[in-house]
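Reader: Please show me the structure first. Then I will ask how its labels are earned.

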Amino acid sequence: MSANRYDAIVVGAGHNGLICAAYLAKAGRKVLVLERRHQVGGATTSEEIYPGFTYTCCSYVVSLLRPWIIRDLELPKYGYEILPLESTFTPFPDGRYLMRDSDPERTRRSIAKFSPKDAEVYKRFGQEMAELGRLIKPLIDDPAPDPLSRDPRELLRLGRLGKQLRGQGDEWLYANVKMMTMSAVDFLSERFECEELIAPMAISGIIGTFLGIRSPGTAYVLLHHYMGEIDGSFRAWGLPKGGTGAIANAIAASARALGVEIRTEAPVAHLLMNGNQATGVVLENGDEIHAKAVVSGLDPHRTFLKLVGEEHLDPEILQQVKRFKMRGSSGKVNLALDGLPDLACLPGPGPQLTGGITIAPSIDYLERGYDEAKYGAFSRKPFMDILIPSLTDPTVAPPGKHTMSIFVQYAPYHLKEGAADWPNQREAFGDAVIDTLSEYMPNLKERILHRQVLSPWDLEQIYGLTEGNIFHGELSLEQLAFLRPMAGWSRYKTPVDNLWMCASGTHPGGGIMGAPGALCARTMLGKRAV
Amino acid sequence: MRPDDAREAGRLMATPANTAIVIGAGPNGLAAATRLSQAGKKVLVVERAAAVGGLSARHEFHPGYAVAGILHDEALLPRAVAEKLGLPRHGLKFRRAPATYLAEASGPGLLLSSDTAAAVEAIGRRSAHDAKSYAAMRAFLDRITPLFASILSEPPPAISPGSAGDLWQIAKRGLSLFRIDRKDLLELARVAPMCVADYLNERFETPLLVEALAAPAVASTWSGPWSAGTMTNFLLRECAGGEAIEGGPPALIAALLAAARGAGAEIRTDTEVARIRLENGHVAGVTLASGETIDAKVVLSSADPKRTMLTLLAPGTLPLKIEEEFINLRARGTAAKVHLALSGPLELQGSEGLHDEAIRIGGGHVDDLERAFDAIKYRQFSEKPNLEIRVPTVADPSLAPTGHHTVSILASFAPYNLEGGWTDSAREKFGDAVIAVLEQHAPTVRSRIVAREVLSPADLETHFALTGGQLHHGEIALDQLLMMRPAPSAPRSKTTVPGLYLGGAGSHPGGGVRMTAGVLAAEAVLGG
C-alpha cells in the first residue's frame, strides 16, 4: 500500500499519455505514469525482436506530431529527429511503375507515362488539398467545436468559426462538404482519369479504417493524411531516426526532465472508486496509489470497461461506450533481411526502395480486399504500405542488412471463426502477405532471416489496442469531433468524476499527433481538475 | 381584375411574358404546373411519352396486365402538399399503407404493419428484446419527424447566407432544432452519418428484421448497408409521410391532371423537347423534336438534371465549371424493375394470408444485402438480388383479368454499366435470378407466369428518358443532398441560367412519388 499521493496518475505510457503527463508537470503538477509493458511508447514503439535488428513494430512514419508540442517539450534535445521520406513507389503486375517524389518534374514525367492529363492535374491537386486543409488544421489544435452546445461561450466560438467559414466563400465550403461525405475514389475520379494513379492515392483514405476506397467518408481521411508536415514543409512524411520508439523515448526523457515519474512493468488493474469518483488506481500486484485525478491513455473500451468497470457506469453511458466502434482492420509484418530484395520492375538499389512502396495496383484489387474483410476473412491479396527503414536510418540493422516494415490491410479483428482464431490464421496471413509481395520482389523470400507477424489480435494482446484498432476507435464520421468518444463527452472529461481521457479515442483522433494528450492536459489545468 | 378574369384573358392572349413551360408530366411536372396555374400563370406542360405520369403512370407491360407505376410506393408522398394543391377535391384519397410481409427462407416470416403497435406485437412473437427496441426506435423517429418534415418540404438553407431571408431560414431551422430534446439531437447527430447496418445491429438481434429495415435505405442508391451515410437516407424515408393512396401512383397522376387542367394548364403529350433556347443568356423558350418552337421566359424542367443541363441546353452554353458540376453529378441506376403477369395469386409459403400487397425478400441477413451490393462495384448484377415487391392487383384488381395478378418487383442490385452491356441475354439472366429468389418463397409462381418484363437501368433510361436509369435522377448520397442537390450552382430550384428552373427528382428533396421538388420550383418561379 503506497502512501504516495500524486496530483495526477496517467495510465499508459503511449505517446499521448506521456505528452499529457509532460504538460501537467510543466505546470508544476506531481505526475506518475504507469505502464504495463517493460518499455514506454505503446504503439509508438520499436523493439529488437530479432538480435541486431530494431523493428518498427506498429507506427512507422510520422508527420502529424504537432510542431508546437515538439517545441514546447524540446523534443529534438532528447533525440527526436525525423528523416524525410522522399517518395512513394507503386509497382504494377505488368512491370510498369509509378514514382511520386519531392521533385515535381520527375513526378510529372512518371505520371505522364500513364496519363499526361493527370500529370498536369496532380501538380494542382496538392495545392487544392492544402487549401481545403486550412479548415481542418486549426481544428486539430483545439478541442472539438460542439454545435449542439447551449453554452454562450461555445456559441460565441461557433459563431466566430461560422463567420470564418462563410468568409471562405461558397465554393470552398461546398468543396469541404463534398470532401467530408464522398468516397476517395469518387473524389479522385472527379479530378483524375487513370486508375494507376487513383488507386495508390486512394489508399490514404482507408488506412486504419474499416472502409473501402469506394466507401463514403474516405475522402476526408485522404485529406487528413495530406495534412502532414515536417519542419514546416507541408505534406511531408518522415521516418523517426532510431525507429518509432525514439519518439516515445524523447517524450519520456522530456517528461522525466520536467519531473514526471514513469514506472514500467506496473500494470493497472482498475480504478479506485469512491461512489462515482475516481480516487486513484489499484495495480495488479494490489498496490493502491491515490491521486487527485486519473488520466487514461487507453482506448475508450479499455478505459470504461476495464479501468472503471461496468458496475460503476450509468446504463446509457455503458451503451454508448459499447456502441463506440473499434473494429481493427490492419496487421503488420516486420522482416529482418539478409540483404536488399529486388523489385522485378526496377531491379537494384535506388530511390524506388528508399521511400514508401505501395502495393495498390487497381481499384478492384483494393475493393475486393475490403469485401473479404467485411465477411470475416483477411485479404488473400492485400494492400501493403512498405518501408525499408534501414536504407534511411542505418542504425536499425547491421551493416548490409535491412529491416522491412509492411503495413497490411485488410486483416479484420473479427474473423468469421471468431477473433480468438487469429493464432491459427496468423501464419497463413503472413504467407499471404509475403506471397503477394514476392510477385513484385521475386527474391524476397530468400532474403528473409526472420519475420514477425502481428494480427489485430496480437496488437490487442501485446499493445493493449482493443480489437487491434490502431486509432483507438474508428475514424468514421459519427465518431469524430464532438462525437468522439461519445456525444457530450468529447472534451477529455468523462462521466466518472476525476477521470480524464487523453489518447487517440478523443479529439482529434489517432495517428502520432500528440494533440489529444496536450489538449487534455490543457483542459484539465483550465478546469483546475488537478 | 378578379383571378378568374385574369386567367381567362391570359388564355386568349398567351404571351411569352407570363407563360411557363414545364418539361415532363410526372408528379413533379404536373404539381409544378398546378401550383403555377393556381397562382395565375399560363402553363404549358410538354410530355415526351404518349401518356402523362412518367414513372408513376400505369404501365401495361403485357396486353391486359399492368402495374401501378414503375415507382410503386407512395410512402414519401406529402399529404400537406397534396392538400395545398387541392388534390382531394380532384379525387385523391389517402389510405393506410399496406403492411409489408418479410419473407423468410424456412420460417413464418414477419408481417410488419405500418401501425407501430401491431408491428411491435408481431416482432414480440419472435423477440421481446427487438419488440422493445422497435417501439423505442419508432418513438425516436416520431419525435424527430417534425424536423424532417420541415427539411423535406422546404428549400434547403443556403450554405453561405447572403440575404436576410436565408438567415431567417437558418434561424427557423435552428428554432425547430431546439424544440427537439437535446438527447434526441445528440442521437441524431451521432446516427445520421452512420451506416444503416451498424444502427440496426445496435438495436435488433433478428437478422431478418435488420436486413428488411436496411433495404429501403439502400435501394436505388450506389451504396450498401455497410456504407457510411445510409442512415441519412433511412431517416429521410422513415420520417416522411408513410401513407398510401387509393389507386396508387396513377391515381395521384389523375388527380394532378384534373387539378392542373382545372387551373388552366395545357398539357401536350407526344411532345419531346429537343432544345431549351436562350436569347442573350436568358431563357427564350423551347424547340421541339418536331422542329416547332414555343416561346416562354420560364422553363421549369422535371427531367433529370444531367439531361436538362447537358443535353437540352446547347453545348457551350454553360461555363466549364458549372458544366463540370453536372458532369460530376453521379446518376448511376442500381436497380431493375421486373414485372410479372400471373394466372393466379402470388402465394408465399409461410405467409398467413394469400393477399400480401407488399413483400420484401432478402437473403435473411444484412450481409446478404451487402453482398448483393458488392456485385455492382465490379460491374456485375447480384446473383441473389434483394426484392422489394408490390402486388398492386390486391388493392386494384382492374390491373389484370379476373383472378389474375400482376407483380411489380424492384430488384437490387443491377448496375447501369453492366460489364458487356445489357444484352437480351443479360436481361434474361437477371430476370431468371429474380425468379429463382422469388421461387424459394413462392414455389407456385413459376407455373403461373403468363408473361414477364425486365427493365434494366439501361431500359429505364431508354423508355423513360432517365439518365443512367437512376430512379432518383441523381443518386441519393450524402454529398448529393440538400443544398448540394443537384449541384452547388443550382441548390434551390434556380440554375445559373436566368429563367431555367429544375423541379424534378434530381432536386431537393429527391425522387419517389412525391411532387415536392416540382412545387418548390414553382414557388421559386413565383418568388421571382
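Author: What follows covers a helix pair and a sheet in this predicted model.

Reader: What makes H11(A) oblique to H12(A)?

Author: Helix H11 (residues 300–308) of chain A and helix H12 (residues 315–323) of chain A pack at an angle of about 140 degrees. Roughly antiparallel needs over 145, and roughly perpendicular covers 65 to 115. The angle of about 140 degrees fits neither, so the pair counts as oblique. The axes lie 9 Å apart, and the crossing is left-handed.

Reader: How do you know that H11(A) and H12(A) meet, and which residues do so?

Author: Contact means heavy atoms within 4.5 Å. Pro300(A), His301(A), Phe304(A) and Leu305(A) supply the H11(A) side. Leu318(A), Val321(A) and Lys322(A) supply the H12(A) side. By class, the contact has five nonpolar, one polar and one charged residues. Lys counts as charged, so Lys322(A) is the charged one.

Reader: Why are S10 and S12 of chain B said to stand at the edges?

Author: The open sheet runs S10-S11-S12 in chain B, with antiparallel pairing. Strand S10 (273–279) and strand S12 (293–295) have a single partner strand each, so one side of each is left without a neighbour in the sheet. Neighbouring strands are turned by 30 degrees against each other on average, direction ignored.

Reader: How do you know that S11(B) pairs with S12(B)?

Author: Pairing takes at least two bridges. Three bridges join strand S11 (residues 282–288) to S12(B), so the two strands pair. One of the bridge partners in S12(B) is Asp295(B), matched with Gly285(B).

Technical notes: Residues numbered from 1 in each chain as written. Chains lettered and ligands numbered in written order. Predicted model: local features only at pLDDT ≥ 70, side-chain atom pairs only at ≥ 80, totals over all residues. Heavy atoms only, no water. Helix = DSSP H or I, 4+ residues; strand = E, 2+ residues; numbered from the N terminus. Axes fitted to C-alpha atoms, helices over the stretch in contact; angles between N-to-C directions. Parallel < 35°, antiparallel > 145°, perpendicular 65-115°, else oblique. Left-handed = near helix turned anticlockwise from the far one by under 90°.
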